[in-house]
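User: I am new to this structure and should like to learn how its features are read. Could you guide me through them in order?

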Amino acid sequence: MPLLDVNDLTTHFHTRDGVVRAVDGVSFHLDRGETLGIVGESGSGKSVTCYSLLRLIPEPPGRIERGTAMFDGQDLLQMSPAELRRIRGRRISMIFQDPMTSLNPFLRISTQLIEALQTHQDISNKDALKKATAALEEVGIPEASKRVTGYPHEFSGGMRQRVMIAMALITEPDLLIADEPTTALDVTVQAQILDIIKQRQNDLGTAVILVTHDLGVVAGTCDRVLVMYGGQEMESGTAEQIFYAPRHPYTRALQKTIPSLQTKGQELYTIPGLPPDASKPATGCAFFPRCPYPKNRDPMGERPDLVDLGEGHCWAACGYCDSSAPIESVLAKADEAIVDPLPVEVETAR
Amino acid sequence: MLKFVIARLLQGILVLLAIYAVTFFLVAATPGSPFSTERAIAPEILAQIEAFYGYDKPTSERFFTSLTNVLQGEFGPSAVYANRTVTQIIAESFPVSLLLGSLALLVALGIGIPAGILAAVKRNTWLDYIPMSVSMAGICLPTFVMGPLLALLFGLILNWLPVGGWFGPEFWILPTATLGLYYAAYFARLTRGGMLEMLNQDFVRTARAKGVPETTIVLKHCLKGGLIPAITFLGPALAGIISGSFVVETIFQVPGLGQWFVRAALNRDDFLVLGLTVLFATLIVIMNLLVDIAQVALNPRLKYD
Ligand SMILES: Nc1ncnc2c1ncn2[C@@H]1O[C@H](COP(=O)(O)OP(=O)(O)O)[C@@H](O)[C@H]1O
Ligand code: SF4
Ligand SMILES: [Mg+2]
């Protein structure tokens with residue numbers, strides 16, 4: 001049994017301007033100790049997916065419409081608030097994108113560090129403080145015993161993210177959800193933070209969901225990867241499959257955007273066009289307006305089916321817009337496409 | 001912290017000196033004299049009286065004498081109520097005003113802050129709409145309208161409470177309510193705003209992700225920051241309660257300092273005006289210092305210098 005098994009997760013926001021389909025039928029699973037990467041551009045629904053698991057989306061306007069999220073045999077989406085509170089911070093912890101705003105500026109670091117311990121365990125102040133100091137040492141904060149009583153504003157962004165990691169892991173949870181933990185940080189500290197997460201994960205055997213918009217980060221850190229676009233799964237598989245043998249046009253486009261693989265000094269490549277407007281009704285292929293491949297699909301038609309390519313590799317099998325094509329020819333076409341460079345120019349020429 | 005307090009104290013003393021000087025020279029420049037009465041007084045007697053109070057000396061000399069006296073805690077005699085000193089008048093009526101002011105402040109904070117917290121936590125429910133509509137009405141009604149209205153309703157129509165005098169707790173209620181509810185309305189709105197801002201912060205999400213119960217989030221994570229607007233308003237509110245008490249004391253015939261202030265100004269009772277000014281200014285300076293200290297204590301990002 002996987003540690004976490006998410007099925008058909010669907011979270012919408014009912015705003016004044018209409019329904020925002022932030023997450024639209026996403027499924028994935030994760031074993032103990034494993035790392036799952038969730039990749040996609042900004043606005044793909046990665047954060048909302050994570051928040052939905054711990055039911056941290058603002059309700060209203062948000063609402064989890066459908067789906068199950070079985071965590072160790074219990075459905076996170078059906079639990080009572082009290083049951084959920086016993087999971088939050090004890091068995092599932094979370095770190096966030098912006099360490100500057102995610103720590104409470106009015107409370108000491110020590111107070112915030114020991115809070116999860118004291119919420120979930122019967123532990124004395126003294127023991128908790130000892131643990132907090134040790135937790136700071138483990139994430140590489142110098143002079144931890146002195147700094148533990150400081151306030152967040154006395155820490156740099158990178159140091160605050162270390163504090164967040166220490167805080168999330170202090171209860172030794174089964175699952176750590178890290179929502180773009182390095183996006184707000186300097187390039188130089190990004191790798192350090194990822195290393196610390198990885199190292200602590202090895203020490204504690206924690207499973208990790210690592211959200212990022214950089215497919216390059218995923219290659220070195222994750223076992224499995226879920227590529228999301230417009231609140232939907234585009235492709236999923238092992239890190240190798242996604243990184244070395246991507247099938248879906250969106251995954252391939254994402255690969256071109258990896259900063260570390262691009263020629264230095266040139267302007268960073270980004271996929272032309274804007275991320276999808278999640279408030280438009282979802283029909284057909286979400287990537288249609290920006291897809292560089294020849295298109296003869298009806299943009300308002302059916303959504304491409306998720307097709308299993310074997311060995312855990314799945315994709316939204318568009319068959320390069322030929323939805324009537326038999327599965328064999330689709331796979332053949334996809335293989336062709338991997339050989340060809342992604343014809344991005346098609347988009348710019350038109 | 002000590003350095004901060006000492007610096008602010010020195011600053012306060014300078015402010016008080018400035019206030020004293022300005023008041024003294026304004027009073028001295030006012031036409032008329034404390035000793036002019038309707039009855040004709042023989043010039044030599046008037047000169048005698050003026051000499052007794054030091055008014056035969058040039059203004060600048062009088063200023064330094066009076067300043068020296070005040071610094072020694074000697075506010076002089078009342079120039080109009082011949083047999084009473086300013087200190088006696090203050091000692092008699094200040095406790096009344098202090099009680100009224102403290103009760104009003106207690107009402108303002110004790111009702112305003114919990115109402116504001118509740119409204120923020122239960123926003124967009126009737127626990128938010130009702131207190132906020134009431135407080136809007138409270139803010140719109142000036143004290144001199146609210147006072148008579150309350151007196152009319154609870155004193156004359158319902159006959160529950162006395163509408164004038166100061167002879168026991170039942171006499172305190174209407175003046176306290178008139179003075180306090182107005183500021184309770186302000187504090188409620190400010191607290192609601194501050195708490196709402198805190199409840200929308202990212203760190204609240206962090207706390208929820210840790211499994212922290214909602215009441216702890218409100219009281220431990222949000223209250224400190226959420227009270228900052230209210231604490232900032234505490235300085236002006238205290239000054240407002242003090243000056244508002246002049247009106248309220250007049251409406252409800254409370255024998256406090258407010259009446260004396262008005263009378264002293266009308267009678268040109270120089271020593272009394274100066275004494276009361278020094279008293280009120282000192283109070284406001286001290287309150288503001290306390291407010292500043294409270295703000296620094298609440299917000300770790302503020303440094304003490
Ligand atoms: N509170 C909210 N109200 C309305 N729409 C929201 C809210 N939060 C997120 N969304 C929408 O959900 C979509 C997915 O957002 P998000 O999960 O934050 O994307 P990502 O994390 O992949 O950048 C976006 O279109 C965003 O505008
Ligand atoms: S279905 Fe068509 S538009 Fe969508 S990703 Fe495939 S090729 Fe591109
Ligand atoms: Mg995000």
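Analyst: We shall take the cavities, then the interface of the chains, then the backbone. Please bear in mind throughout that this is a predicted model.

User: How many cavities of 30 Å³ or more does a search of the whole structure find?

Analyst: A cavity is a space where a probe fits but cannot get out. In this structure, the search finds 4 cavities of 30 Å³ or more. The largest cavity holds about 80 Å³ of space, and the second largest has a volume of about 60 Å³.

User: Which residues line the largest cavity?

Analyst: Residues of both chains take part. From chain A come A:Gly89, A:Ser93, A:Met94, A:Ala116, A:Met164, A:Met167, A:Ala168 and A:Thr171, while B:Thr206, B:Ala209 and B:Lys210 come from chain B. The elements that give two or more residues to this lining are β6 (92-95) and α7 (157-169) of chain A, together with α8 (202-209) of chain B. Of the elements, α7(A) gives the most, with 3 residues.

User: How does the lining of the largest cavity divide by class?

Analyst: The lining of the largest cavity has 6 nonpolar, 4 polar and 1 charged residues.

User: What lines the second largest cavity?

Analyst: The second largest cavity is lined by A:Thr35, A:Leu194, A:Ile197, A:Lys198, A:Gln201, A:Val208, A:Leu210 and A:Thr221. At least two residues of this lining come from each of α8 (187-204) and β8 (207-212) of chain A. The element that gives the most is α8(A), with 4 residues. By class, the lining of the second largest cavity has 4 nonpolar, 3 polar and 1 charged residues.

User: Let us turn to the interface. How many residues of chain B are in contact with chain A?

Analyst: An interface can be read by its contacts and by its buried area. Here, 22 residues of chain B are in contact with 25 residues of chain A. The two chains bury about 2200 Å² between them, with 61% of it on carbon and sulfur atoms. Of the area that chain B buries against chain A, 29% is supplied by B:Arg205, B:Ala209 and B:Lys210, more than by any other three residues. Two of these, B:Ala209 and B:Lys210, are also among the residues that line the largest cavity.

User: Which polar links are found across the interface, and which elements of chain B take part?

Analyst: Between chain B and chain A the count is 12 residue pairs in polar contact. The rule also finds 2 salt bridges across the interface. One salt bridge joins A:Glu115 and B:Lys220, with the closest N and O atoms 3.1 Å apart. On the side of chain B that touches chain A, α8 and α9 (214-226) of chain B each supply at least two residues. The largest share, 6 residues, comes from α8(B). By class, this side of chain B has 8 nonpolar, 6 polar and 8 charged residues.

User: Where in the backbone should I look for cis peptide bonds?

Analyst: As a general idea, most peptide bonds are trans. In chain A, the bond from A:Glu59 to A:Pro60 is cis, with omega near -20°. Another cis peptide bond joins A:Pro60 and A:Pro61, with omega about 10°. A:Pro60 lies in the loop between α1 (46-53) and β4 (62-71) of chain A, and A:Pro61 is placed in the loop between α1 and β4 of chain A.

User: What is phi of A:Glu180, and where does A:Glu180 lie?

Analyst: Most residues other than glycine have a negative phi. A:Glu180 has a positive phi, near 45°, and is in the loop between β7 (175-179) and α8 of chain A.

Notes:
Residues are numbered from 1 along each chain as its sequence is written. Chains are lettered from A and ligands numbered from 1 in the order in which they are written. This is a predicted model: local features need pLDDT of at least 70, side-chain atom pairs count only at pLDDT 80 or more; totals for chains, interfaces and linings use all residues. Side-chain values use heavy atoms; hydrogens and water are left out. On a 1 Å grid over the protein atoms alone, a cavity is a set of points where a 1.4 Å probe fits but cannot get out, and a pocket is an open set with protein on both sides within 12 Å along at least five of seven lines; lining residues have an atom within 4 Å of a point. Grid points are joined across faces, edges and corners, and a volume is the space filled by probe spheres set on the points. Ala, Val, Leu, Ile, Met, Phe, Trp, Tyr, Cys and Pro count as nonpolar, Asp, Glu, Lys and Arg as charged, and the others, Gly among them, as polar. Contact means heavy atoms within 4.5 Å. Buried area is the accessible area (1.4 Å probe) that two parts lose on being put together, summed over both. A salt bridge is a side-chain nitrogen of Lys or Arg within 4 Å of a carboxyl oxygen of Asp or Glu. A polar contact is a pair of N or O atoms within 3.5 Å; within protein, one must be able to donate a hydrogen and the other to accept it, and residues adjacent in sequence count only if both atoms are side-chain atoms.
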